[in-house]
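Please study the sequence and the three-dimensional model shown below before attempting the exercises. Each task is followed by a solution in steps.

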Amino acid sequence: MHCYIQEIQMKSSNSVGCGKELCVTTTNWSVNGISYTSYGYTYSEERFNRPIKTAYKVTVHDKSYRNDKGKATKKQYHVTTIKYYDLVDFSWYDCIVERKIDGIAEKMSIDPEIVWAEIESKLEALQDKVRDEFAQTEEFKAQEKHDAILHEYMVKKHKFAEKYGVQKNEYDMCFEILGKLRGKEYFEKIKRDYRARKEYEQKSSDYQRNYQSNYNNYYGGYGTGALNRGHSSDKEKEYYKKFYKTLAAKFHPDVLGGDNGPMLLVNKLKSEWGI
């Protein structure tokens, strides 16, 4: 079993090249009486010509046999016909119907994987040749330029959204695809909102730190020997003694069956309270 590729010529290439330029588009809308503008992109109507009319007829040939006249011949099965530019825009695999390969394999009484492997060995090399040729064209160079612009555009959108804490599409309300600032007023609004949010977060953070500091200063002393520093009155000390007696009676090891862990903590409190 062998795969053969026959080069044929069609009446036209039947394929349209990509647009020669990336163009900025503008979309306007309003919500609750407020107008908005977003900047997108499209390809120019002027496109590259694709003049090559070559196509490739792919067939699979079975082992040879002799016909009724005694002449050696082979059964052949048409797999597909692939146009030149289909090998540029798609994978060769996308140009073949899988069930057709299954049918051919069944007629030849072989595993479909064998048919696929034979076709792949021929079409992989052909596609590499076609794409190497196409890489020398102005259309390919333009596509590379467009892809680089689009990649940078997507990176900028991501960084913009991450920096200002907004949706990615809000970048398009400020900048066009080439990075030029078009929506200055909306960008200023985003920056004002960003600064206000940061100021609020800073004030909130300062408040939390001050609150925690004041709390520790006022209440923390009771757990760090404050009574030994004279921060408690005699009356308060009397209360602490009663607290201790209550806790000691409840958490004494004899009451807890020999567990002295809680009592160690009670005695620690007693020491810190200075009683």
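The exercises below move from the whole chain to single residues.

**Conventions**

This is a predicted model, in which local features need pLDDT of at least 70, side-chain atom pairs count only at pLDDT 80 or more, and totals for chains, interfaces and linings use all residues. Residues are numbered from 1 along each chain as its sequence is written, and side-chain values use heavy atoms, with hydrogens and water left out.

**Exercise 1. Describe the overall composition of the protein.**

Step 1. Identify the secondary structure. The protein has seven helices and five strands; helices (H or I, at least four residues) and strands (E, at least two) are DSSP runs, numbered from the N terminus. Along the sequence the order is β-β-β-β-β-α-α-α-α-α-α-α.

Step 2. Consider burial. Of the 275 residues, 28% are buried. Buried means under 20% relative accessible area, exposed over 50%, and partly exposed in between (1.4 Å probe, protein chains only).

Step 3. Consider the surface. The protein exposes about 19,000 Å², of which carbon and sulfur atoms supply 49%. Accessible areas come from the Shrake-Rupley method with a 1.4 Å probe; for residues, only the protein chains shown count as cover.

Step 4. Consider the contacts, where contact means heavy atoms within 4.5 Å. Among contacts between residues at least 6 apart in sequence, 58% join residues at least 24 apart.

**Exercise 2. Describe helix α3 and its place in the largest nonpolar core.**

Step 1. Compare length and span. Helix α3 has 23 residues and reaches 32 Å from its first C-alpha to its last, close to the 33 Å expected at 1.5 Å a residue. The expected span is 1.5 Å times one less than the number of residues.

Step 2. Locate the bend. Helix α3 bends by about 25° at E120, the bend being the angle between axes fitted to the seven residues ending there and the seven starting there.

Step 3. Inspect the start of the helix. There, a side-chain oxygen of D111 comes to within 2.9 Å of the backbone nitrogen of E113.

Step 4. List the buried residues. In α3 these are V115, W116, E118, I119, L123, L126, Q127, V130 and F134. An α-helix has 3.6 residues a turn, so residues three or four places apart point the same way.

Step 5. Find the core. A nonpolar core is a set of buried Ala, Val, Leu, Ile, Met, Phe, Trp, Tyr and Cys residues joined through side-chain atoms within 4.5 Å. The largest one has 25 residues, and V79, I96, I119 and L123 have the most contacts inside it. At least two residues of this core come from each of β4, β5 (72–83), α1 (86–89), α2 and α3. Helix α3 gives the most, with seven residues.

Step 6. Examine one core member. Beyond its neighbours within four places in sequence, V79 is in contact with V58, T59, V60, I96, K100, I101, I104 and I119. A second, separate core of 15 residues includes I149, Y164, M173 and I177.

**Exercise 3. Which residue's side chain makes a polar contact with the side chain of H61?**

Step 1. Place the residue. H61 is in strand β4 (residues 54–66). H61 counts as buried because its relative accessibility is 13%.

Step 2. Find the partner. The side chain of H61 makes a polar contact with that of Q76, at 3.3 Å. A polar contact is a pair of N or O atoms within 3.5 Å; within protein, one must be able to donate a hydrogen and the other to accept it, and residues adjacent in sequence count only if both atoms are side-chain atoms.

Step 3. Add the surroundings. Apart from neighbours within four places in sequence, H61 is in contact with residues including M1, Y4, Q76 and M108.

**Exercise 4. Is N32 buried or exposed, and what is notable about its phi?**

Step 1. N32 lies in the loop between β2 (22–31) and β3 (34–43). N32 is exposed, because its relative accessible area is 77%.

Step 2. Most residues other than glycine have a negative phi. N32 is not a glycine, yet its phi is positive, at about 50°.

**Exercise 5. Where does C18 lie, and how far apart are the C-alpha atoms of C18 and F48?**

Step 1. C18 lies in the loop between β1 (2–9) and β2. C18 counts as buried because its relative accessibility is 14%.

Step 2. C18 and F48 are 30 residues apart along the chain, and their C-alpha atoms are separated by 5.9 Å.
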